[in-house]
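This report examines one strand of a protein model and the elements around it. Please keep the sequence and the structure in view while reading.

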Amino acid sequence: MSDAPEFLPALGIGLEEYEYPYPVQFFSLSSDLQPLKMAYMDIPPTIEPSGKTVVLIHGKAFGCYYFHNVIEALTGAGYRVVAPDQIGWGKSPKPDIHYSFQLLAANTTALLDHLGVGDVAVLGHSTGGMTATRFTLMNPDRVTHLVLEDPLGLTDYRVGIPPQSEETLYDHEVHWTDPKVIRDYVQGYFVNPDPKVWEPLADVLVRVTLSPDYPRWARAAALTFQMIYQQPVRYEYHLIAPQTLLIVGAKDHVVPLGQYAKPQDAARLGDFVELSAQAARDIPRATRVVVPECGHIPHLEHPDKFLTEFLPFLAS
C-alpha cells in the first residue's frame, strides 16, 4: 500500500462534503411512510444525442460516483446517463426501513418516470446487479439491454452461509472502523491494485466512519446485507427477457457475509467464473465475457477491456 495520509477529514453519512463528478439532484419519494430524497446524476450526451438512456446501478460499497469513467464514455458516445444513489447509499439518506430489491427497483422506476425517460439500457455492478435484475424483471418491456458486471446473486447465499441476526450484522458494521482493515478490503477488490484507483474509494469509507452519525450508516449497511442474503434473484434468471451481457473478473471471489461460511462453501459461492457460466446458460439471451487478471470491478481495473465489450453491446 502506498503512503496514505495519517489524517482524513470526516465525511457526513450523506457524503455532503464529497464532490461527485457531475451535478447531483434529489428526487422526493416515500418509503415505509418516511419522506426521503433520492440523490441522482442526470448527465446529457456530449455529442449528437442518440436518443438512448443508460441507467447505472452501483454496488454495495460505493455510490454512483465510481462510475465516472463509464459516464464519460457513454456521454461521449451520445447516451444520456441516469446514475442514482439508491436509498441507503451515497448522497441518499440512510433510513431504518425494510430494504428490498423491489423497493430499490420501484424507486428507480419512479425516478425515470419523473425524468420522462422511457426505454433504457441498464448496467448493474455487484449488489447493483441484483437490483438491475429485479428492475428488469419488473420492467420487461422497458429494458432494452441488461449488463451485469460481477453481479452478486449468481447463487443463493442461503445455501452455504448460516443466517445471521440484524444484531450480529450491525455489531460487525458499527465496529468496522479500522482504516487498515477498510483499505485492505477495498484493495482486495483488485488483482493488481493501482493506488490511484483504489485509495480514493477506500478514503470515502474511512472518512464516513469518523462521522458522529456513523451508527446510522452501519445500521443501513447491516439491513442491506440482509436484503442480499434473504432475497435471491438467481431462480428467476430464466425470466430475463432482454439481451444480457455478463462480464466478470476471472479472479473475483467476493462473497457477501462470506466470513460466516465454511471455507469450502465460501470458495464455491465466490467462484464467479463457474457461477457466471451457469447463469449464462439460464438467461435466455446472454453473452458472457471473462476479463483475465481482473477482480471485482472491471470498469475500474480494466476500463479499456470493459468498454470494448460494453459499448458495442449497447449498440447491438
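In this predicted model, strand S3 (residues 53-57) is joined by 3 bridges to strand S4 (residues 80-84), and the two strands run parallel. S3 also pairs with strand S5 (residues 120-125), again in the parallel sense, over 4 bridges. Valine 55 of S3 takes part in both pairings: its bridge partner in S4 is valine 82, and in S5 it stands opposite valine 122. The table sets out the two pairings.

| Partner of S3 | Bridges | Sense | Residue facing valine 55 |
|---|---|---|---|
| S4 (residues 80-84) | 3 bridges | parallel | valine 82 |
| S5 (residues 120-125) | 4 bridges | parallel | valine 122 |

The connection from S3 to S4 involves a helix. Together, S3, helix H1 (residues 68-75) and S4 form a β-α-β unit, which is right-handed.

Is S3 buried or exposed? The strand is mostly covered, with 5 of its 5 residues buried. Both of its faces are covered: Thr53, Val55 and Ile57 are buried on one side, and Val54 and Leu56 are buried on the other.

The largest nonpolar core has 108 residues, of which Leu56, Leu74, Val122, Phe310 and Leu314 touch the most other members. Helix H7 (residues 214-230) contributes the most to this core, with 10 residues.

Valine 122 of S5 merits a closer look. Apart from its neighbours within four places in sequence, valine 122 is in contact with Val55 and Ile57, and also with Ala132, Phe135, Val143, His145, Leu146 and Val147.

Technical notes: Residues are numbered from 1 along each chain as its sequence is written. This is a predicted model: local features need pLDDT of at least 70, side-chain atom pairs count only at pLDDT 80 or more; totals for chains, interfaces and linings use all residues. Side-chain values use heavy atoms; hydrogens and water are left out. Buried means under 20% relative accessible area, exposed over 50%, partly exposed in between (1.4 Å probe, protein chains only). Two strands pair if DSSP finds at least two bridges between them. A crossover is right-handed if, with the strands pointing away from the viewer, the path from the first strand over the helix to the second runs clockwise. A nonpolar core is a set of buried Ala, Val, Leu, Ile, Met, Phe, Trp, Tyr and Cys residues joined through side-chain atoms within 4.5 Å. Contact means heavy atoms within 4.5 Å.
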